[in-house]
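Please walk me through the fold shown below, beginning with a single side chain and then widening the view to the sheet, the helices and the cores.

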Amino acid sequence: MTARRVLVTGASGCIGRALVPILIERGWDVHGVSRRGGRGLDARTTWHAVDLLEHGSSERLLADVAPEALIHLAWYIAPARWAAAPQNLD
């Protein structure tokens, strides 16, 4: 049986770091997205260094990975501005 592929944006963040190992343990083929890639993070994950705010980057990523599922955890977290940051709408 082939593992199902999931793409996790924000995989290097506090929620993503906790979720990735759980997905792997449940048999998912995890592809993690982070602006800096997955240096020093779960080696069982295929990491993609992508800035999702760059025009066309998410479309290229989805075409390259072809995931069965997507878990979107990426979030712009500038101190004191994150809650109303327009980047989070993008």
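Which backbone oxygen does the side chain of Trp47 reach? The side chain of Trp47 reaches the backbone oxygen of Asp42, at 3.0 Å. This is a predicted model, in which local features need pLDDT of at least 70 and side-chain atom pairs count only at pLDDT 80 or more, whereas totals for chains, interfaces and linings use all residues. Residues are numbered from 1 along each chain as its sequence is written, and side-chain values use heavy atoms, with hydrogens and water left out.

Trp47 is found in strand β3, where helices (H or I, at least four residues) and strands (E, at least two) are DSSP runs numbered from the N terminus. Leaving aside neighbours within four places in sequence, Trp47 is in contact (heavy atoms within 4.5 Å) with residues including Ala11, Ser12, Gly32, Ser34, Leu41 and Asp42. Arg36, which is 11 residues from Trp47 in sequence, lies 9.3 Å from Trp47 in space, C-alpha to C-alpha.

The wider setting is an open sheet of four strands in the order β3-β2-β1-β4, with parallel pairing; two strands pair if DSSP finds at least two bridges between them. The edge strands, each pairing on one side only, are β3 (46–49) and β4 (69–72), and the twist averages 20 degrees from one strand to the next. Angles run from 0 to 180 degrees between N-to-C directions, and axes are lines fitted to C-alpha atoms, for helices over the stretch in contact.

Helix α1 (residues 14–25) packs on the sheet, where it touches β1 (5–9), β2 and β4, and its direction makes about 165 degrees with that of β2. Helix α2 (residues 57–65) also packs on the sheet, touching β1, β2 and β3, with a direction at about 155 degrees to that of β1.

Strand β2 (residues 29–34) pairs with β3 in the parallel sense over four bridges, and the bridge partner of Ser34 in β3 is Ala49. Ser34 counts as buried because its relative accessibility is 9%, the classes being buried under 20% relative accessible area, exposed over 50% and partly exposed in between (1.4 Å probe, protein chains only).

A nonpolar core is a set of buried Ala, Val, Leu, Ile, Met, Phe, Trp, Tyr and Cys residues joined through side-chain atoms within 4.5 Å. The largest one has nine residues in all, among them Val6, Val20, Trp28 and Trp47, and α1 gives the most to this core, with three residues. A second, separate core of five residues includes Leu7, Val50, Leu61 and Val65.

Methods:
Polar contact = N/O pair within 3.5 Å; in protein donor to acceptor, adjacent residues only side chain to side chain.
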